[in-house]
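Student: I would like to learn how to read a few local features from a model. Where should we begin?

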Amino acid sequence: MDGESAYESKPSWQERPAWGAVLLTAYLLLAALPLILAFALKPSSDDPFLEELGKGAALLGFALLALQVALGARLRLLDAPFGLDVVMQFHKGMAVLAGVLLLSHPFLLALGGHGWHIFAVGAAWQVNLGQIGLAVLVLLILFALLFKKLGIEYQLWRYSHKAAILVVVVGFVHSMAIGPDLRNTGMKLYWWLLLAMSVGLFVFRNVFMPLWGRRRFRVTGVQQETHDTFTLELDPVAGGPIRHRPGQFMWLKLKRPGRPSEEHPFTISSSPTREPPMTATIKQSGDFTDTIGQTQPGDTAEVEAPYGRFSFLHHAPGKFLFIAGGVGITPILSMLRCLKDTKDERPVVLIYGNKTEEDIICREELEDLPENVKVVHVLSAPHEGWNGLKGHITQDMMGGQAKEVLAEADVYLCGPPPMMHMVISSLRGVGIPDKRIHYERFAI
Ligand SMILES: Cc1cc2nc3c(=O)[nH]c(=O)nc-3n(C[C@H](O)[C@H](O)[C@H](O)COP(=O)(O)OP(=O)(O)OC[C@H]3O[C@@H](n4cnc5c(N)ncnc54)[C@H](O)[C@@H]3O)c2cc1C
């Protein structure tokens, strides 16, 4: 193919650590700016200490809350240096911090001399607005932290989460109407900037991207890989292939007549070295994926990609140890295909765990890899007659099967969470440093 056009083996500037450092510095500055401004404008105050603390908590809490919209907007500029999973973990942590700061605000004010009437229903409208915003924020944070435990559907949680933008708007009106620090022009300007940024990014994510920001694809083939796993082949309706790293993922929204359209993350299992179609290999594992086999050639899809940093192109390994469990093979398939197409001769060991032989995805292709790639299958519940390795992937098994690469290899791991836990602690147990262990979680 005109391979070079879709395959770029060097990291772009957005993927380099220096860009990550710039973003982190910008984030810290933007978050701390209201405190810096408040102190600069009023270095000494006669107000009680607790009241000052309460006002500071609100300023920092609101700035963090407004910045949450940027962290949650799935911006590729943020994904590129950190990975979306890391950004989302940070987003969750900052949500809790913002919640704690904003919740402490009325208590500190009350203790600092404002009195407990600020909690009363019949307080001034500006105070009531703050109470409502805070109550909704606490509910949203609890909902986000507990929705899985409460068995609430992911899509329902996702829609409810969008209500958080109202909390930003309510917080803005409340603080502009009542906050003494916001009487200053500099602070007012900054507050307007935070509001414009968060509302702008909210509109970008929820209106612009769905309407104009996604690439259109057509399903040109649906291959059944195993009893519960299918590969969709996707051809761009217009334009060239998506430029991605082997191992990255996309957000895929299938448009199938008579079926609801939902956006889900799936690895791009094809290699960027190949001509379209781009592929996604999907296992039936829930409400949406259970219907994947009913996808028909001719159905269409909207794609946002590429995302993620699970790719050997970000490191320079001399040797590779790939460890996959079940459908966790998909990013590794993309990397193996890329290594094969670029005639890369570095030594590779793949240890691939499944329940039975029937669960092995792309078995024939794995058996047909070049000589530098050793493939080891491990089955946890094999049928009679299986002569290969049995059980789970253990420290001893890795030491034995991957001994030729283990001492120097970078390890790429993707599979079910319990397996990932076990393998990571085994790898640490045999002395592999964390910087050589790379993994992808199929959860965001
Ligand atoms: C980076 C990444 C790459 C992935 N690659 C693949 C792949 O190559 N092949 C494959 O089969 N699976 C892959 N997955 C997993 C796939 O996204 C989920 O299996 C699928 O979204 C489950 O949806 P469901 O409605 O069928 O199941 P449900 O039972 O409804 O959901 C199960 C869990 O999946 C997650 N989930 C559900 N819906 C969404 C959504 N819209 N967005 C984000 N998460 C959601 C939630 O954690 C939920 O608790 C990947 C996931 C991630 C994060």
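Student: Which of the 24 residues around the ligand come nearest?

Tutor: Keep in mind that this is a predicted model. T267, G286, F288, T289 and T330 come nearest to the ligand.

Student: Which strand supplies the largest share of the shell around the ligand?

Tutor: Strand 4 does, with 5 residues. Strand 4 (263-267) and strand 5 (278-283) each give at least two residues to the shell. By domain, at least three shell residues come from domain 2 (214-307) and at least three from domain 3 (314-440). By character, the shell has 10 nonpolar, 8 polar and 6 charged residues.

Student: Is C338 buried or exposed?

Tutor: A residue counts as buried if 20 or more other C-beta atoms lie within 10 Å of its own. C338 has 23 such neighbours, so C338 is buried. C338 sits in helix 9 (residues 329-341), and leaving aside residues up to four places away in sequence, C338 touches P246, S271, P272 and T273.

Student: What should I look for in the backbone angles?

Tutor: Most residues other than glycine have a negative phi, and most peptide bonds are trans. Here, R74 has a positive phi, near 55 degrees, and lies in the loop between helix 2 (49-71) and helix 3 (76-82). K343 also has a positive phi near 55 degrees, in the loop between helix 9 and strand 8 (348-354).

Student: Which peptide bond ending at P277 is cis?

Tutor: The bond from P276 to P277 is cis, with omega near 15 degrees; P277 belongs to the loop between strand 4 and strand 5. The bond from A305 to P306 is cis too, with omega near -5 degrees, and P306 is in strand 6 (residues 300-307).

Notes: Residues numbered from 1 in each chain as written. Predicted model: local features only at pLDDT ≥ 70, side-chain atom pairs only at ≥ 80, totals over all residues. Helix = DSSP H or I, 4+ residues; strand = E, 2+ residues; numbered from the N terminus. Buried ≥ 20, exposed ≤ 12 C-beta atoms within 10 Å, placed from the backbone. Contact = placed C-beta atoms within 7 Å. Near = placed C-beta within 6 Å. Nonpolar A, V, L, I, M, F, W, Y, C, P; charged D, E, K, R; others polar. Domains from an automatic or database assignment.
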